[in-house]
Amino acid sequence: MTTYTAKPTRYDNMSYRRCGNSGLLLPLISLGLWHNFGHVDDFNTSKQLLHTAFDKGITHLDLANNYGPPFGSAEENFGKILKQSFSSYRDELIISSKAGWEMWPGPYGDHGSRKYLIASLDQSLKRMGLDYVDIFYHHRPDPDTPLEESMGALHQIVKQGKALYVGISSYSAEDTLRASQILKDMGTPCLIHQPRYSMMDRWVEDGLLDVLATEGIGAIPFSPLEQGILTEKYLKGIPENSRAAKSTGFLQKDAITPEVISKVQKLHDVAQKRGQSLAQMAISWLLKNDQITSVLVGVSSEKQLLENLGALDNLSFSNSELQEIETILSMK
Ligand SMILES: NC(=O)c1ccc[n+]([C@@H]2O[C@H](COP(=O)([O-])OP(=O)(O)OC[C@H]3O[C@@H](n4cnc5c(N)ncnc54)[C@H](OP(=O)(O)O)[C@@H]3O)[C@@H](O)[C@H]2O)c1
């Protein structure tokens with residue numbers, strides 16, 4: 001086994017933005033381990049992806065208890081890779097995990113109780129071989145648990161030294177404001193919100209971004225490429241091995257309709273005129289707003305990762321480009 005040494009040039013080309021009002025800087029592009037890092041995937045490819053990401057200045061890696069499949073296997077594989085390649089770089093990494101979706105059977109393996117959140121993080125730490133994560137999230141709102149209890153668990157986790165910062169994911173604007181106020185009162189401010197956000201899914205623009213700005217919370221959009229739809233990949237059908245084709249992929253084939261592909265083709269043409277690929281334009285489009293701390297991408301190959309990093313070469317849009325994109329997105 002060859003040992004990994006990080007490239008000395010790793011910080012030369014990446015930019016970092018401050019996460020909300022905190023002291024923490026995150027890279028403009030972060031890497032998510034939802035797909036492509038489970039036991040169903042090739043371990044050496046996963047490892048190579050992490051080496052390349054870090055060599056390019058991607059210091060933030062995002063996990064969750066249930067990433068795989070099977071559940072927990074992305075954290076297990078990541079733990080192995082950390083040990084083999086990154087043990088001397090731990091202090092250069094921001095590692096996040098989450099709990100909130102179904103993880104184990106029975107009443108304590110899902111949702112938002114203190115019991116679940118604390119037990120789940122303990123399991124995640126064991127799987128990854130870590131003493132603490134940098135960021136721990138409540139993965140989704142739980143209307144049946146008092147917000148005070150879920151936020152109280154996040155606060156307790158920080159007090160126990162098991163996480164440095166806390167965040168929330170997919171919370172509405174209203175719940176985010178309440179959660180933020182509860183956390184502030186306890187002395188553990190909410191660092192970051194992880195919402196689904198892309199050119200094709202704009203719900204955050206309807207109040208959430210305003211709340212994040214007033215509360216000083218960072219924003220890290222997930223599925224910025226709509227799981228691959230906002231790339232050239234599906235323009236000519238559904239390729240073998242793509243997320244939509246795989247039985248373990250979360251993207252359903254029926255999301256790729258002729259109407260969607262017609263928009264994607266038009267967006268692709270705009271991207272070409274900008275000298276970008278569509279994947280690059282989709283990432284740049286999010287990062288043009290400096291309220292977006294980082295964009296959380298997933299990749300199944302090194303080629304995709306390098307392509308996506310190329311988005312950083314052009315983050316500005318002319319008014320006419322923005323108008324053209326809006327016109328395409330609003331087509332029926
Ligand atoms: N908080 C939450 O509830 C939540 C939910 C979902 C995701 N997340 C986080 O967000 C991360 C990113 O989500 P995501 O994986 O859905 O993001 P995404 O970037 O929208 O989609 C990633 C997929 O798109 C394809 N792709 C990426 N770059 C490409 C390129 N240049 N050309 C062609 N295809 C490309 C690949 O799929 P193929 O396999 O087809 O190659 C890749 O696996 C996750 O890993 C996770 O950390 C969080």
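**Exercises on a predicted model**

Of the 85 residues in the largest nonpolar core (buried Ala, Val, Leu, Ile, Met, Phe, Trp, Tyr and Cys residues joined through C-beta atoms within 7 Å), Ile135, Phe136, Val166, Ala282, Ile283 and Val295 touch the most other members. Helix α8 (residues 278-287) contributes the most to this core, with eight residues. The model is predicted: local features need pLDDT of at least 70, side-chain atom pairs count only at pLDDT 80 or more, and totals for chains, interfaces and linings use all residues. Residues are numbered from 1 along each chain as its sequence is written.

**Exercise 1.** Determine which residues of α5 are buried.

*Solution.* Step 1: a residue is buried if 20 or more other C-beta atoms lie within 10 Å of its own, exposed if 12 or fewer, and partly exposed in between, with C-beta atoms placed from the backbone. Step 2: in α5, Thr176, Ala179, Ser180, Ile182 and Leu183 are buried. Step 3: these residues cover an arc of only 165° around the axis, which puts them on the same side of α5. Step 4: the face turned away from that buried side carries the exposed residues Glu174 and Asp185.

**Exercise 2.** State which residues come nearest to the ligand, and classify the shell.

*Solution.* Step 1: of the 30 residues around the ligand (C-beta atom, placed from the backbone, within 6 Å of it), Gly32, Trp34, Phe222, Gly228 and Gly298 come nearest. Step 2: α9 gives the most to this shell, with three residues. Step 3: by class, the shell has nine nonpolar, 16 polar and five charged residues, with Gly counted as polar.

Terms used. Helix = DSSP H or I, 4+ residues; strand = E, 2+ residues; numbered from the N terminus. Arc of directions from axis to C-beta.
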